[in-house]
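Here is a friendly walk through a few corners of one structure, written for someone who likes to check contacts and angles. Keep the viewer open as you read.

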Amino acid sequence: MQIDTLILGAGAAGMMCAAHCAGRTLVIDHARAPGEKIRISGGGRCNFTNLHTAPENFLSANPHFCKSALGRYTQWDFIELVGTHGIAWHEKTLGQLFCDNSAKDIVAMLRAEMTRAGAELWLQTSLAELSHDGAAFRAEIEREGKRHTVTARNIVLATGGKSIPKMGATGLAYDIARQFGLDVTETRAGLVPFTFPDGRFADLAGTALPVRASTGGTSFDEAMLFTHRGLSGPAMLQVSSYWQEGTPVTIDLDPSGTLLETLRTQRSQKGRHNLTTELSRHLPARLIAALPQQLGAATAGNLADQSDAALSNLCEKLRHWHLTPGGTEGYRTAEVTMGGIDTGGIASKTMEARTQPGLYVIGEAMDVTGWLGGYNFQWAWASGVAAGRAITARNAGR
């Protein structure tokens with residue numbers, strides 16, 4: 001079977017790339033259905049992009065690499081595409097856009113765009129071997145118990161990273177990259193909950209509140225959730241991408257910075273009120289009960305009994321809670337994989353490997369990782385379009 005382009009992976013990036021490839025294109029995936037990560041994302045409604053997408057929202061050894069693709073295919077371009085397919089959407093906090101109905105609408109849209117482009121999709125299909133004979137790529141693929149030989153001018157690595165292995169995630173893209181002379185940076189789980197030993201927060205499991213979480217000089221103001229294993233919620237997932245093992249995470253339980261002044265005011269007006277009663281207006285009751293044990297913070301007595309120094313000391317502890325996680329939940333629950341195929345070996349405008357003409361890398365497989373909130377999908381769309389357009393131009397030039 002001879003084709004122009006073989007795309008490995010029918011996820012967000014792979015399908016978007018196929019929708020922009022001219023010529024005969026085949027997309028293969030081991031899954032039973034395409035776009036599995038799309039389907040489960042955003043609680044089933046797919047946080048498909050973010051209004052505030054900018055290069056600053058991405059992590060990479062080369063922070064400039066993502067600029068070209070993001071600039072050539074923006075969040076506004078994808079929003080326009082969603083509109084042309086009649087998909088209703090809404091904005092949540094911090095510029096996050098979700099489907100009104102279902103994430104399946106995005107999958108159906110991508111399938112329709114692939115069909116329009118003439119791309120073919122083979123599911124429950126795996127790659128057995130891949131080589132290059134000097135003129136073209138030769139792939140041995142297995143489907144329905146039969147082996148097929150596919151010759152292709154272009155190969156696209158769109159298999160993602162290692163996150164959520166129960167969905168079939170593997171390091172296949174890294175193995176192929178190394179085979180063709182590309183470097184792979186160290187990988188780790190990103191956008192992932194933290195774990196703590198000895199069930200430290202088990203009694204607080206299910207408690208959530210807004211915080212400012214900081215590590216490595218980066219801070220996020222979002223919600224934090226206590227779990228039986230440790231700490232989760234958007235704030236924790238965000239800082240996990242910046243966290244280094246063995247280093248602390250600082251949690252500010254009073255991100256607005258107004259609690260001290262409020263307590264002083266209430267002391268003068270309602271001095272007979274219990275301190276915990278006033279604190280309960282700002283923090284969850286279960287957390288307040290745990291403060292003496294967790295932070296060594298004194299919360300007993302009435303407001304009138306609290307000196308300025310005592311109130312300042314309490315608020316200082318609430319605003320600078322230093323915690324060192326034992327680790328993270330790893331790839332099992334990670335939303336993304338940090339690191340990956342080194343962008344130093346990839347052309348930023350085309351996603352083509354410098355070491356092997358016709359080899360393209362897109363999406364999560366490479367060392368570009370976005371923040372939580374639709375940024376990683378926007379990178380999938382942008383890198384997929386960049387590769388698809390480059391392949392179209394390459395095929396036309398032959």
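Which residue takes a positive phi in the hairpin of S5 and S6? It is Leu94, with a phi near 55 degrees, in a hairpin that has four residues between the strands. Please keep in mind that this is a predicted model.

**The sheet around the hairpin**

The hairpin belongs to an open sheet of three strands, ordered S3-S6-S5 and paired in the antiparallel sense. Strand S3 (47–50) and strand S5 (89–91) are the edge strands, each with a single partner, so one side of each has no neighbour in the sheet. From one strand to the next, the twist averages 30 degrees. As a general reminder, strands of a sheet pair through backbone hydrogen bonds, either parallel or antiparallel.

Both pairings can be followed residue by residue. S5 and strand S6 (residues 96–99) are joined in the antiparallel sense over three bridges, and Trp89 stands opposite Cys99 in S6. S3 and S6 also pair in the antiparallel sense, over three bridges, and here Thr49 stands opposite Leu97 in S6.

Are the faces of S6 covered or open? Both are covered: Gln96 and Phe98 on one side are buried, and so are Leu97 and Cys99 on the other. Helix H4 (residues 75–84) packs on this sheet and touches S3, S5 and S6. The direction of H4 makes about 140 degrees with that of S3.

**A buried helix and its partner**

Now turn to helix H1 (residues 12–19), which packs against helix H5 (residues 104–117). Their axes are 7 Å apart, at an angle of about 30 degrees, and the crossing is left-handed. On the H1 side, the contact is made by Met15, Met16, Ala18 and Ala19. H5 contributes Leu110, Arg111, Glu113, Met114, Arg116 and Ala117. Sorted by class, the contact of H1 with H5 has seven nonpolar residues, three charged ones and no polar ones.

How many of the residues of H1 are buried? Eight of the eight are, so H1 is largely enclosed by the rest of the structure. Besides the four H1 residues in that contact, the buried set includes Ala12, Ala13, Gly14 and Cys17.

**Two buried serines**

Two serines make a nice pair to inspect. Ser163 lies in the loop between strand S10 (146–157) and helix H6 (172–179), while Ser383 is found in helix H12 (residues 375–397). Their accessibilities and polar distances are set out below.

| Residue | Relative accessibility | Polar partner | Distance |
|---|---|---|---|
| Ser163 | 1% | side chain of Lys37 | 2.7 Å |
| Ser383 | 0% | backbone oxygen of Trp379 | 2.7 Å |

Why does Ser163 count as buried? The cut-off for buried is under 20% relative accessible area, and Ser163 has 1% relative accessibility, so it counts as buried. Ser383, at 0%, counts as buried too.

The partners differ in kind. For Ser163, the polar contact runs from side chain to side chain, with Lys37. For Ser383, a polar atom of the side chain lies 2.7 Å from the backbone oxygen of Trp379.

The surroundings of each serine complete the view. Leaving out residues up to four places away in sequence, Ser163 touches Lys37, Ala169, Tyr331, Ala334, Glu335, Val336, Thr337 and Glu364. With that exclusion, Ser383 touches Ala69, Met351, Ile362 and Gly363.

Terms used. Residues numbered from 1 in each chain as written. Predicted model: local features only at pLDDT ≥ 70, side-chain atom pairs only at ≥ 80, totals over all residues. Heavy atoms only, no water. Axes fitted to C-alpha atoms, helices over the stretch in contact; angles between N-to-C directions. Left-handed = near helix turned anticlockwise from the far one by under 90°. Contact = heavy atoms within 4.5 Å. Nonpolar A, V, L, I, M, F, W, Y, C, P; charged D, E, K, R; others polar. Pairing = 2+ DSSP bridges. Buried < 20%, exposed > 50% of the residue type's maximum accessible area, 1.4 Å probe, protein only. Polar contact = N/O pair within 3.5 Å; in protein donor to acceptor, adjacent residues only side chain to side chain.
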